[in-house]
Amino acid sequence: MITQEQVDRVLRLSGNGLPCVSLYVPVLPEQPGRSTFMTRVASLLDGIRPLSLDSSLDHAARLSLREDIVKLEKSLAFEPHQPGAVAVFACSGKDVYEEVWLPRPTRERIVVNSDPYVRPMLAVLDEYDRACAVIVDRGTGEIWEHYLDQARELEAIRDRTLRKPDYAAGLAEDRVRNKADELSKRHFRKLIGELKQLFGRRAFDVLVVGGHSYEVPNFLQFLPRDLRERLIGDFTVDRETATPADIRNRVQNIVSDHAHQEQRRLVGDILEAKAAGRPPSAVGLDETLWAASLAAVGTLAADEEAAAPGVVCDRDGLLARSGKSCPLCGDPLREVPDIIDALTETVIDDGGEIRHIEPETELRTHLTGALLRFELPPRPTATG
């Protein structure tokens with residue numbers, strides 16, 4: 001499971017003068033003609049071996065790179081069973097090694113720099129909400145982290161309650177009930193205080209609340225505005241009888257529904273912007289490819305099932321559906337099996353956001369769309 005602590009560790013990594021190796025390898029179903037995972041790893045490592053012998057680097061840097069190559073060869077000697085991608089960040093000279101599993105494939109690449117190359121990792125992880133789920137009752141609160149398909153308990157808060165608030169009658173009963181209500185309010189306030197700290201410290205995206213049907217509304221009344229704005233749903237559950245798997249499934253359903261709503265909203269925003277002319281947007285693969293060629297894409301939306309062959313200019317980065325030579329520089333265009341993969345990686349490299357659209361929307365007809373940073377000039381016509 002990818003935790004926020006692991007992401008934070010990667011972001012803090014530095015070679016402190018020594019080279020840091022960043023390696024991304026996709027894990028895909030094998031297809032005829034496609035190199036195996038281990039072959040791709042070996043090819044990428046071969047690309048940096050000359051650096052480990054480069055006399056322009058000092059001895060410590062060369063030694064660190066050699067140790068990185070050996071360590072990566074050993075750690076990636078077997079293909080993972082889970083599809084997605086493996087990202088590894090290493091600097092042996094500083095005893096740095098972090099291996100991260102990503103839920104989506106990325107372009108295979110290896111980068112040697114003073115700092116880890118984290119943009120592809122962040123672009124993938126940015127698509128997934130990190131949910132905080134709290135299971136409440138009058139005296140207990142369990143706080144869980146839900147991310148991707150994993151869940152783990154962060155903490156449990158237990159406070160004093162009155163076991164039998166209705167044991168007396170008349171004024172005594174009123175006093176007991178008032179005391180029980182006051183204890184419940186204190187418990188809810190304490191729990192909300194913990195949530196506010198967690199949201200500030202762990203950068204959760206959304207909040208989900210579960211519990212008995214008569215407890216959840218009471219708790220929600222105490223939510224401050226900043227947490228209420230993060231609330232995406234609640235559900236009824238008996239904390240004593242529900243299993244962690246039961247709770248995880250309920251939370252994941254709410255998070256998934258929320259993600260689909262956000263994806264539909266983005267598609268609607270793109271189509272409305274295109275119809276109104278403001279803000280600048282692109283709809284359709286041809287227009288979106290041209291926008292990405294100019295680094296104009298702020299947010300790219302690509303239908304989950306979209307795939308199409310295309311061509312790329314390795315000199316100036318032009319992306320297109322077809323053509324023999326680049327209309328910008330005249331160089332030959334290189335054919336690629338899926339131009340949307342190239343489109344996605346180009347947007348990532350240019351600092352844009354990526355959203356894969358899972359539910360069926362109008363985008364399925366257009367394949368891709370985007371919110372742009374600026375208006376596009378006329379698209380050139382590819383030759384050939």
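Arg62 sits in helix 3, which spans residues 59-75, in what is a predicted model. The side chain of Arg62 is buried but takes part in no salt bridge, and the nearest side chain of opposite charge, that of Asp58, lies 6.4 Å away. Because a salt bridge requires a side-chain nitrogen of Lys or Arg within 4 Å of a carboxyl oxygen of Asp or Glu, the 6.4 Å to Asp58 does not qualify.

**Surroundings of Arg62**
- The side chain of Arg62 reaches a backbone atom, the oxygen of Leu57, at 2.4 Å.
- Once its neighbours within four places in sequence are set aside, Arg62 is in contact with Leu51, Ser52, Leu53, Asp54, Ser55 and Leu57.

**The five-stranded sheet**
- This open sheet has the strand order 7-6-5-8-9 and mixed pairing, with strand 7 (150-158) and strand 9 (231-236) at the edges, each pairing on one side only.
- Neighbouring strands of this sheet are turned against each other by 20 degrees on average, direction ignored.
- Strand 5 (residues 130-136) runs parallel to strand 8 (residues 206-211), and six bridges join them; Ala131 stands opposite Val206 of strand 8.
- Helix 8 (residues 244-276) lies across strands 5, 6, 7, 8 and 9, and runs at about 145 degrees to strand 9.

**The three-stranded sheet**
- A further open sheet follows the order 13-12-14 with antiparallel pairing; strand 13 (319-320) and strand 14 (334-336) each have a single partner strand, so one side of each is left without a neighbour in the sheet.
- Strand 12 (residues 310-312) pairs with strand 14 in the antiparallel sense over three bridges, and Gly310 has Val336 of strand 14 as its bridge partner.

How values were computed. Residues numbered from 1 in each chain as written. Predicted model: local features only at pLDDT ≥ 70, side-chain atom pairs only at ≥ 80, totals over all residues. Heavy atoms only, no water. Pairing = 2+ DSSP bridges. Helix = DSSP H or I, 4+ residues; strand = E, 2+ residues; numbered from the N terminus. Buried < 20%, exposed > 50% of the residue type's maximum accessible area, 1.4 Å probe, protein only. Lys, Arg positive; Asp, Glu negative; His and termini not counted. Polar contact = N/O pair within 3.5 Å; in protein donor to acceptor, adjacent residues only side chain to side chain. Contact = heavy atoms within 4.5 Å. Axes fitted to C-alpha atoms, helices over the stretch in contact; angles between N-to-C directions.
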